[in-house]
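Please look over the sequence and the 3D structure shown here before reading on.

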Amino acid sequence: MKVIDRIADLRVALDAPRAKGATVGLVPTMGAFHEGHRSLMRMARANHDVVVVTLFVNPLQFNVGADLDRYPRDLAADAAVARAEGVDFLFAPSVGEMYPQAVVTTVHVDALSAGLCGTARPGHFDGVATVVTKLFSIAGACTAYFGRKDAQQLAVVRRMAADLNLPVTVVGCPLVREADGLAMSSRNVHLSEEERRCATVLFRALREAATAVTTAGERDAGRLRELVVTTIGAAPTVRLDYAEIVDAHTITPVEALAGDVLIAVAAFVGETRLIDNVTLSIEPESHEARADLGVVAESFHIGS
Ligand code: PAF
C-alpha cells in the first residue's frame with residue numbers, strides 16, 4: 001500500500017490503471033478506523049481493481065472547534081489497518097493541500113441538509129458536500145462507499161453526485177454494530193465505562209420502534225417517535241438531541257409510514273454526541289414492513 005499526500009500524485013496513481021480499464025473503489029474517511037470502516041474497505045476490495053481510502057479530518061464540517069481538536073488521529077495505526085485490508089492507496093493530505101487558500105467556494109445541498117443533524121450542526125453538511133465534491137473530483141470516475149450510520153450524509157452525497165453529474169456511483173453499506181448493539185463510531189472512544197453502558201439505549205429504542213412497526217403493524221410516526229423519546233429519556237447520562245421519522249431519500253418528515261423511512265436519533269451521552277438510525281421499508285402492495293438495523297461486527301471477523 002502506498003501512502004500519498006499530494007493531490008497531483010493521487011491523480012496520476014489512479015489515472016494510469018483506469019486508462020487500462022481498471023475500476024476504482026473509493027472509501028472517504030476521517031480516519032480512526034473501526035470495523036465499520038473496515039467493512040467499507042472490504043466491500044471496495046471485493047468489487048474493484050484499485051482501492052483508495054482517503055483520510056482527511058475536514059475542518060470545514062466541524063462547527064464546534066473543540067470537536068475538531070479532540071477528533072482521534074493516528075495515521076500509523078490507520079495505515080496498518082488499511083494495509084491489512086488490502087487497500088492500494090491511502091490518501092492522507094494536509095489541510096494546506098486540500099485548502100491552500102481561504103475557502104470561498106462551497107457546495108450546498110438544499111432541503112436534504114436542513115433537518116436532523118443539519119439543524120443541530122449548522123453548516124456541517126456544506127462542509128461534507130464541499131470536501132466530498134473535492135475528493136470525487138480528485139479521484140475521478142469511481143464507485144464510492146459510505147456507511148448507512150450516517151444516513152443523512154449518504155442521502156446528501158447521493159443527491160449531490162446526481163445533481164452535479166459527478167462520474168461517481170455512490171453505494172450505501174450496512175451500519176456496523178458492537179455485539180451489544182452500539183453503532184460503531186470513532187467517537188465511542190470518548191465514552192466512559194458508565195456512558196458506554198448507557199449508550200446502548202439508542203439501539204434498544206430503535207429496535208423497539210422497529211419491532212412495533214414490523215410485528216405490531218404500527219404506522220403512525222408520532223406514536224413511534226413518542227416510543228423512542230420515552231425509552232431514551234429514561235436512560236441516565238443520555239440527553240436526546242433529536243428523534244425524527246423522515247423519508248429515507250428526501251429526509252423530510254413523514255406522518256404515516258410508507259416506502260423507505262428512517263427513524264434517526266442523535267443524543268449526547270455525557271459530552272459525546274452519538275447518532276444512530278434504523279431504515280424501515282414498507283412494501284407498497286402488501287404493506288409488509290422490513291427493518292434494517294445493520295450488522296453485528298463479529299460477522300466481519302474483527303482483528304483479522
Ligand atoms: O463520514 C465521514 O467520515 C466524513 O463525513 C467524510 C464523508 C469522509 C467527509 O469528510
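What follows is a walk through a sheet and the helices that pack on it. The model is predicted.

Start with the sheet. Six strands make up an open sheet, with parallel pairing, in the order β1-β4-β3-β2-β5-β6. At the edges lie β1 (2–4) and β6, each of which pairs on one side only. From one strand to the next, the twist averages 25°.

Two of the pairs can be followed in detail. Strand β2 (residues 24–29) runs parallel to strand β3 (residues 50–55), and six bridges join them. Here V24 stands opposite V50 in β3. Helix α7 packs on the sheet and touches β2, β3, β4 (89–91), β5 and β6. The direction of α7 makes about 150° with that of β5.

The other pair is β5 and β6, which are parallel and joined by six bridges. Y145 has V171 in β6 as its bridge partner. Between these strands the chain passes through α8, and this β-α-β crossover is right-handed.

How far apart are the end C-alpha atoms of helix α8? They are 18 Å apart, which agrees with the expected span, because 13 residues (151–163) at 1.5 Å a residue should span 18 Å. The buried residues of α8 are A151, Q152, Q153, L154, A155, V156, V157, M160 and A161. Among the elements that cover these buried residues are α6 (117–120), α7 (124–139), β5 (142–147) and β6 (168–173). The cover also includes β9 (259–269) and β10 (272–282). After α8 comes N165, with a positive phi near 50°.

Technical notes: Residues are numbered from 1 along each chain as its sequence is written. This is a predicted model: local features need pLDDT of at least 70, side-chain atom pairs count only at pLDDT 80 or more; totals for chains, interfaces and linings use all residues. Side-chain values use heavy atoms; hydrogens and water are left out. Helices (H or I, at least four residues) and strands (E, at least two) are DSSP runs, numbered from the N terminus. The expected span of a helix is 1.5 Å times one less than its number of residues. Buried means under 20% relative accessible area, exposed over 50%, partly exposed in between (1.4 Å probe, protein chains only). Contact means heavy atoms within 4.5 Å. Two strands pair if DSSP finds at least two bridges between them. A crossover is right-handed if, with the strands pointing away from the viewer, the path from the first strand over the helix to the second runs clockwise. Axes are lines fitted to C-alpha atoms, for helices over the stretch in contact, and angles run from 0 to 180 degrees between N-to-C directions.
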